[in-house]
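The following note concerns the ligand site of the model shown below. The points are numbered for ease of reference.

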Amino acid sequence: MKRITTIIALSLTVALASSAFGAEGGNPRKGKHLFKKTCKECHGAGGAGGEVTPMTKTMQQWDRFFEKLEHNPEPLKGLSEQDLKDIHQFLYDHAADSPHPETCG
Ligand code: HEC
């Protein structure tokens, strides 16, 4: 009985840990490619949406941005949920307050 309780407690911890951080399970290499291909079209230097780089936001701000998808949905229509996860991961990994901030997409 004690063992079962431990297992339940452990799985709960894992579930909580992964939901606490928005950027999980994305592929940052794919995300970088998708970001350049899809987002930079409007968010390059002098672009219509203003320049956006991973350093535009902090890790927490990127989590919020993707959680609420604070964007006009129209340009993001062609992206799958996994695509967005990958882009989220890339931006998060190189956010302004991350260990490896990156200016270019
Ligand atoms: C078709 C053009 C277009 C594409 C493609 C596009 N955006 Fe945007 N984006 C805009 C425009 C225009 C705004 C400004 C909207 C506003 O402020 O009302 C904007 C706003 C933003 C902002 C807010 C800027 C800020 O300072 O908070 C972020 C962040 C952003 N976009 C990220 C992205 C990401 C990430 C992608 C790719 C997944 C993307 N955008 C794709 C046009 C685009």
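1. The ligand occupies the largest pocket of this predicted model. Two elements, α2 and α3, each give two or more residues to the shell around the ligand. Helix α2 provides the largest share, with four residues.

2. The ligand has 13 residues around it, and those that come nearest are Cys39, Cys42, His43, Lys57 and His71.

3. Coordination of the ligand's iron atom involves the NE2 atoms of His43 and His71, at 1.9 Å. His43 belongs to helix α2 (residues 28-43), while His71 is placed in the loop between α3 (59-68) and α4 (81-93), so the pair ties together parts that lie 28 residues apart in sequence.

4. The geometry at the iron atom is octahedral, because its six donor atoms subtend angles of 88 to 179°. For six donors, this assignment requires opposite donors to be over 155 degrees apart and all others to lie between 65 and 115.

5. The two histidines should be described separately with respect to accessibility. His43 has a relative accessible area of 14% and is therefore buried, the cut-off being under 20%. His71, at 29% relative accessibility, counts as partly exposed.

6. Polar contacts with the ligand also merit mention. An N or O atom in the side chain of His43 is 2.7 Å from a ligand nitrogen atom, and an N or O atom in the side chain of His71 is 2.8 Å from a nitrogen atom of the ligand. In the case of Lys57, a side-chain N or O atom lies 2.9 Å from an oxygen atom of the ligand.

Methods
Residues numbered from 1 in each chain as written. Predicted model: local features only at pLDDT ≥ 70, side-chain atom pairs only at ≥ 80, totals over all residues. Heavy atoms only, no water. Donors = N, O, S within 2.8 Å, 3.2 Å for Na, K, Ca; no water. Tetrahedral: all angles 85-135°; square planar, octahedral: opposite > 155°, others 65-115°. Buried < 20%, exposed > 50% of the residue type's maximum accessible area, 1.4 Å probe, protein only. Near = heavy atom within 4 Å. Polar contact = N/O pair within 3.5 Å; in protein donor to acceptor, adjacent residues only side chain to side chain. 1 Å grid on protein atoms, 1.4 Å probe; cavity = no way out; pocket = protein on both sides within 12 Å on 5 of 7 lines; lining within 4 Å. Sits in = over half its atoms within 2 Å of the grid points.
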